[in-house]
Amino acid sequence: MDKKMTRSSRHQLKAKQHSNKKAASVIGTSLIFLPIAGNLLPLGAQATEYEQQEAVSQQAFIDSIGYSAASVASSNDLYASVMIAQALLESSYGTSGLASAPNYNLFGVKGSYGGQTVYMPTKEYLNGEWVTLTEPFRSYPSYADSFQDHANVLMSAHYAGAWRSNTTSYMDATAALTGRYATDPNYADKLNWLISTYGLTAYDWGTSEVATTTADQSMIGQSTETATFSGQTYTVASGDSLWGIAENFGVSVDQLMAMNGLSAELITVGQTLQV
């Protein structure tokens, strides 16, 4: 014969049963998600992996714009390192909708370019408060066009202090832009940090005349046959190196640099090389 249960004992039994059911439910859920949970990393490791992925993504963006920046800057008496740093800052490492394809607007320039305009929301400070407006921005065919349009702005006399011919280093240029191109008093510090962190001075090739002179000097002592363009081209892919490309096409690194007017052993993804 069953024992009579008090209200207290019935409550305790009910609570125990509920606890067992809850435990079974949790165990079941854990089993279901065990394969996923098994792949989870400790919090610190997850953060490190995320930072590494982010760094790779940022470097990939720099690789994608580096050649365009260097080409434009070397032809316009400007520092490619400064222009790239500005692009990183203005476009949030190329993640903004305006900077992405098909707009390629790295510097947030408003208006129209070649008749092409894209309308996007932007925050403006009007009458003492921030408001969101939809404004027209220039849409470029490529990053190179965005850099060239930006160079046209920087080549005005207003920014003469940022020209290579008027400076001794990129730091002089960033200092000259502060208070003129941007009102942020820390603008130069931000650009300098980006340039230093990502080694952007590697893109400062110098003027086109300097590159030509370097190329001519590199070809001294070479036979006419080895210094002549073969007519072949190669598009640089991720993971390529000058040494690897030179080996694949049977030329030396010096010859490859000479044929392409390179003054540093630096190539970027998407760059077309004469081989």
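In this predicted model, Asp-184 has a relative accessible area of 23% and is therefore partly exposed, since that value lies between the 20% under which a residue is buried and the 50% over which a residue is exposed. The side chain of Asp-184 meets that of Lys-190 in a salt bridge, with a nitrogen-to-oxygen distance of 2.6 Å. Lys-190, at 38% relative accessibility, likewise counts as partly exposed.

Two salt bridges are found when the whole structure is searched, and the pairing of Asp-149 with Arg-138 is also a salt bridge between side chains, at 2.6 Å from N to O. Because Asp-149 belongs to helix α4 (residues 143–154) whereas Arg-138 belongs to strand β2 (residues 129–138), this pair ties together parts that are eleven residues apart in sequence. Asp-149, with a relative accessibility of 10%, counts as buried, while Arg-138 is partly exposed, its relative accessible area being 23%.

A further site concerns Thr-174, a residue of helix α5, which spans residues 170–177. The relative accessible area of Thr-174 is 0%, so this residue is buried. Its side chain makes a polar contact of 2.9 Å with the side chain of Asn-192. When residues up to four places away in sequence are left out of the count, Thr-174 touches Val-82, Ala-188, Leu-191, Asn-192 and Ile-195; Asn-192 thus appears both in this list of contacts and as the partner of Thr-174 in the side-chain polar contact.

Methods:
Residues numbered from 1 in each chain as written. Predicted model: local features only at pLDDT ≥ 70, side-chain atom pairs only at ≥ 80, totals over all residues. Heavy atoms only, no water. Salt bridge = Lys/Arg side-chain N within 4 Å of Asp/Glu carboxyl O. Helix = DSSP H or I, 4+ residues; strand = E, 2+ residues; numbered from the N terminus. Buried < 20%, exposed > 50% of the residue type's maximum accessible area, 1.4 Å probe, protein only. Polar contact = N/O pair within 3.5 Å; in protein donor to acceptor, adjacent residues only side chain to side chain. Contact = heavy atoms within 4.5 Å.
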